[in-house]
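Here is a short, friendly briefing on the enclosed spaces inside this protein. Have the structure open as you read, and follow the residues around each space in turn.

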Amino acid sequence: MVKIWVNSADSHVLEPHDLWRDALPKRLADRAPRAERADGRETVYVDGQIIRRDPIAFSDAMRPPGAEDPRIRLEDLDEQGVWAEVVFPSRALWTTIMTDRELARECGKAYNDWCLSEVMGVSPRFVGVAVVSVLDTDDAVAELARAVSAGYRAVFLPATPPEGRDFNNEVWEPLWAAAAEADIPICFHIGTGAEQKVARGPGGAVINYVETFYPAQRTVAHLVASGVLDRYPGLRIVMAESGATFVPALADRMDEAYRQHDMFVRPKLSRRPSEIIYSQVYASFQHDPSAIGTATALGFRNVMWGSDYPHLEGTFPNTQKVLHELFDDVAQDVRRRITIDCFNEVFGVAEPPVTV
Ligand code: MN
């Protein structure tokens, strides 16, 4: 089987459990994210609160050695056929549910310093994603500037913002302006941020998985309808792990509202919602066969493949099988667009050793 080389727009690194303990003063370190194992479960604490309890078997299944060690990770990538990858955090994702401004800011800074030296410093194939405060825009703007000057080419925000800070709220404006000015994409990762809706009862596992993808739609709707992306036409946003097929449907629905409910629409936009979405919104998927038709039949070109390494929802250790199933019958230019060129357009050029 010929190896298909790709870039991945979605993966995660697992921070050392003592990252914040070593990097922060004790009064903050004690409240930073930490995990404890007992009675077959791993319990995650953030700021003293229990925020997650998983069976240890589930936690371990998502942690091959390459999750924590970037040198082992490179061996996995070579074996899987992934060249460059966008590397989101794991434990630092919890900064987005913190309620203390200083804690969120300092945990994010410590993560960014660590990722820069211990992950991005190991290989240019790792594209780190800077963590900024979701509680205070001044803090976020300052950290964005620090991250950009250190070499970051992407910034992370959660798909669900804290209460009172919806993404159409003007409190965010300085961050949109700063990201546009720095020409750095904002990467929203699904399943992150303020309290996620949890379903109980029959179907819960699948229902809860589906629930994680609604906030991606909400975020795009907020940023387009409120005029954010219209005001900053160079600003690009990425929906990571959301799938891409929803995007044209959302664009249709927003155009319909914008046109048919014209008498209610504020602010007016200089372009139709669909034009803004098709030029400034990007989305990544792992397995979805329908994502390819989105790029071809539906004309939404900003579709990126991502492995989601090392998560259970991702393609590791079967990446080549997945890629062949997805792309063997797909035109070369389409495959290249989805697996390499779209990534390069957003994150800078990273050319695999053997390209399609
Ligand atoms: Mn992911």
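The largest cavity holds about 40 Å³ of space. Please keep in mind that this is a predicted model. Counting cavities of 30 Å³ or more gives 2, and the second largest has a volume of about 30 Å³.

**The largest cavity**

- To find the largest cavity, look for its lining residues: Leu77, Gln80, Val82 and Glu85, together with Ser307, Tyr309, Phe316 and Thr319.
- Two elements, α4 (70–80) and β5 (82–88), are the ones that give two or more residues to this lining.
- Sorted by class, the lining of the largest cavity is made up of 4 nonpolar, 3 polar and 1 charged residues.

**The second largest cavity**

- Around the second largest cavity you will find Ala104, Arg105, Gly108 and Lys109, then Val131, Val132 and Ser133, and finally Asp139 and Glu143.
- At least two lining residues come from each of α5 (101–120) and α6 (137–150).
- Which element gives the most to the lining of the second largest cavity? That is α5, with 4 residues.
- By class, this lining has 3 nonpolar, 2 polar and 4 charged residues.

**Linings at a glance**

- For the largest cavity, a good place to start is α4 and β5, with Tyr309 and Phe316 among the other residues to pick out in the lining.
- For the second largest cavity, start from α5, which contributes 4 residues, and then turn to Val131, Val132 and Ser133, which are also among the lining residues.

Definitions and conventions. Residues are numbered from 1 along each chain as its sequence is written. This is a predicted model: local features need pLDDT of at least 70, side-chain atom pairs count only at pLDDT 80 or more; totals for chains, interfaces and linings use all residues. Side-chain values use heavy atoms; hydrogens and water are left out. On a 1 Å grid over the protein atoms alone, a cavity is a set of points where a 1.4 Å probe fits but cannot get out, and a pocket is an open set with protein on both sides within 12 Å along at least five of seven lines; lining residues have an atom within 4 Å of a point. Grid points are joined across faces, edges and corners, and a volume is the space filled by probe spheres set on the points. Ala, Val, Leu, Ile, Met, Phe, Trp, Tyr, Cys and Pro count as nonpolar, Asp, Glu, Lys and Arg as charged, and the others, Gly among them, as polar.
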